[in-house]
Amino acid sequence: MKNLVLMLCVVWIANGCASDEPGLSGPDNCLSDSCLCPDTETCDHACEPGGLPCRVVCSRGLDCNVICAPDDTCAVDATQAAEVYVDCRDSVDCRVVASQAAEVHVDCGNSADCRVACPATGCTVSNCTGNCAVICGALDLATHNGSTATCP
């Protein structure tokens, strides 16, 4: 019985350590807004508002989740990541390069300038308004339906 109680306490504590930020799967594992993600686990990072421009380089073959800060510049290189989730949250400038990623989800968050390089398929960019450009694969333009752009 003590082992069961101990196990439940460990699970409860571990769940309390996970990030409360939507879009992040776990605790932030970048030490700063200039981050080279660990190559052994999913990369989770929430950029600090008012700091230096946020630049995140995701690891090859692993998931990458980044939340950009409002009114800041954010650049995410997820070229060969597995699943990519980026929330630009009204950033001044948001750049996502994920041209060889397996699956990509970007919320431009009404960013003033949002540029996304997607794989040929499996990419969705929402809230793509203002100066928003989405490229699918080498040179194909995304299909737009309202403020959502997709690469089939």
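Which residue in β14 is the bridge partner of Cys123? Keep that one in mind while we look at how the strands are arranged in this predicted model.

## The sheet from β2 to β13

One open sheet has seven strands, and their order is β2-β4-β6-β8-β10-β14-β13. The pairing in this sheet is mixed. At its edges you'll find β2 (43–46) and β13 (143–145); each has a single partner strand, so one side of each is left without a neighbour in the sheet. Going from one strand to the next, the twist averages 10°.

Now back to the opening question. Strand β10 (residues 123–126) and strand β14 (residues 148–151) run antiparallel and are joined by three bridges. The partner of Cys123 in β14 is Cys151.

## The sheet from β1 to β12

Another open sheet of seven strands follows the order β1-β3-β5-β7-β9-β11-β12, again with mixed pairing. Its edge strands, β1 (34–36) and β12 (140–141), each pair on one side only.

Inside that order, β7 (residues 93–97) pairs with β9 (residues 113–118) in the parallel sense, over four bridges. Here too you can pick out a pair of cysteines: Cys94 stands opposite Cys114 in β9.

## The nonpolar core

In soluble globular proteins, nonpolar side chains tend to be buried together. In this model, the largest nonpolar core has 38 residues. The members that touch the most others are valines: Val66, Val86, Val106, Val125 and Val134.

What does Val66 touch, leaving aside its neighbours within four places in sequence? Its contacts are His45, Cys47, Val56, Cys74, Val76, Tyr85, Val86 and Asp87. One of these, Val86, is also on the list of core members with the most contacts to other members.

How values were computed. Residues numbered from 1 in each chain as written. Predicted model: local features only at pLDDT ≥ 70, side-chain atom pairs only at ≥ 80, totals over all residues. Heavy atoms only, no water. Core = buried A, V, L, I, M, F, W, Y, C linked by side-chain atoms within 4.5 Å. Buried < 20%, exposed > 50% of the residue type's maximum accessible area, 1.4 Å probe, protein only. Contact = heavy atoms within 4.5 Å. Pairing = 2+ DSSP bridges. Helix = DSSP H or I, 4+ residues; strand = E, 2+ residues; numbered from the N terminus. Axes fitted to C-alpha atoms, helices over the stretch in contact; angles between N-to-C directions.
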